[in-house]
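Subject: Structure for you to look at

Hello,

I am handing over the structure we talked about, so that you can have it open while you read. Please look through it at your own pace, and then compare what you see with my notes underneath.

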Amino acid sequence: MDAYLEEELYDLLTYCIQNGPNSQDYESQRQRVAEIGRELYSDGGVDAMENMYFSIENRIREEIQKDAKSYRSWWNNVTDEWKY
């Protein structure tokens, strides 16, 4: 499941980074990113979230030369332990 979620999260964040908040699908993509955060949290807690996001940040930096760090805040409402 984690590999599937990682690929989906990568695709979603890449789309949002490359197309910006004015794109037609931006809000639905953002909502799905939040759902993935909730799924990860329910499955493995904050550690699972942190591990996944660390991997995604590195992939995005290497593959499209962009920074995904600011998108971490999209998971702030998942748990009080996640504050970015």
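What follows is a short account of the aromatic rings, the charges that sit over rings, and the two helices in contact. Please keep in mind as you read that this is a predicted model.

I would begin with the aromatic side chains, where the count comes to six aromatic pairs. One of these is formed by Tyr 53 and Trp 75, whose ring centres are 5.3 Å apart and whose planes stand at 80 degrees to each other, an arrangement that is called edge-to-face. Tyr 53 belongs to helix H2, which covers residues 26–64, while Trp 75 lies in the segment after H2, so this pair ties together parts of the chain that are 22 residues apart in sequence. Both Tyr 53 and Trp 75 are buried, and for Trp 75 the relative accessible area is 0%.

Trp 75 also pairs with Trp 82, with the ring centres 5.4 Å apart; here the planes are at 55 degrees, and because an edge-to-face pair needs an angle over 60 degrees, this pair counts as tilted instead. Trp 82 has a relative accessibility of 1%, and it therefore counts as buried as well. If you then add Tyr 84 to the picture, you will find that Tyr 53, Trp 75, Trp 82 and Tyr 84 form one aromatic cluster.

Tyr 84 is also worth a look for another reason, since the charged end of Arg 72 sits over its ring, 4.5 Å from the ring centre. A similar arrangement can be found at Tyr 10, where the charged end of Arg 59 sits over the ring at 4.0 Å from its centre.

Turning to the helices, how do H1 and H2 cross? The axis of H1, which runs over residues 2–19, comes within 7 Å of the axis of H2, and the two cross at roughly 60 degrees, which makes H1 oblique to H2. The crossing is right-handed, and the residues of the contact between H1 and H2 divide into 17 nonpolar, four polar and nine charged.

Finally, you may like to find Arg 30, which is in helix H2 and is partly exposed, with a relative accessible area of 34%. Its C-alpha atom is separated by 10.0 Å from that of Leu 9, although these two residues are 21 residues apart along the chain.

Best wishes

Note on methods
Residues numbered from 1 in each chain as written. Predicted model: local features only at pLDDT ≥ 70, side-chain atom pairs only at ≥ 80, totals over all residues. Heavy atoms only, no water. Phe/Tyr/Trp six-rings, centres within 6.5 Å; stacked < 30°, edge-to-face > 60°. Helix = DSSP H or I, 4+ residues; strand = E, 2+ residues; numbered from the N terminus. Buried < 20%, exposed > 50% of the residue type's maximum accessible area, 1.4 Å probe, protein only. Lys NZ or Arg CZ within 6 Å of the ring centre and 35° of its normal. Axes fitted to C-alpha atoms, helices over the stretch in contact; angles between N-to-C directions. Parallel < 35°, antiparallel > 145°, perpendicular 65-115°, else oblique. Left-handed = near helix turned anticlockwise from the far one by under 90°. Nonpolar A, V, L, I, M, F, W, Y, C, P; charged D, E, K, R; others polar.
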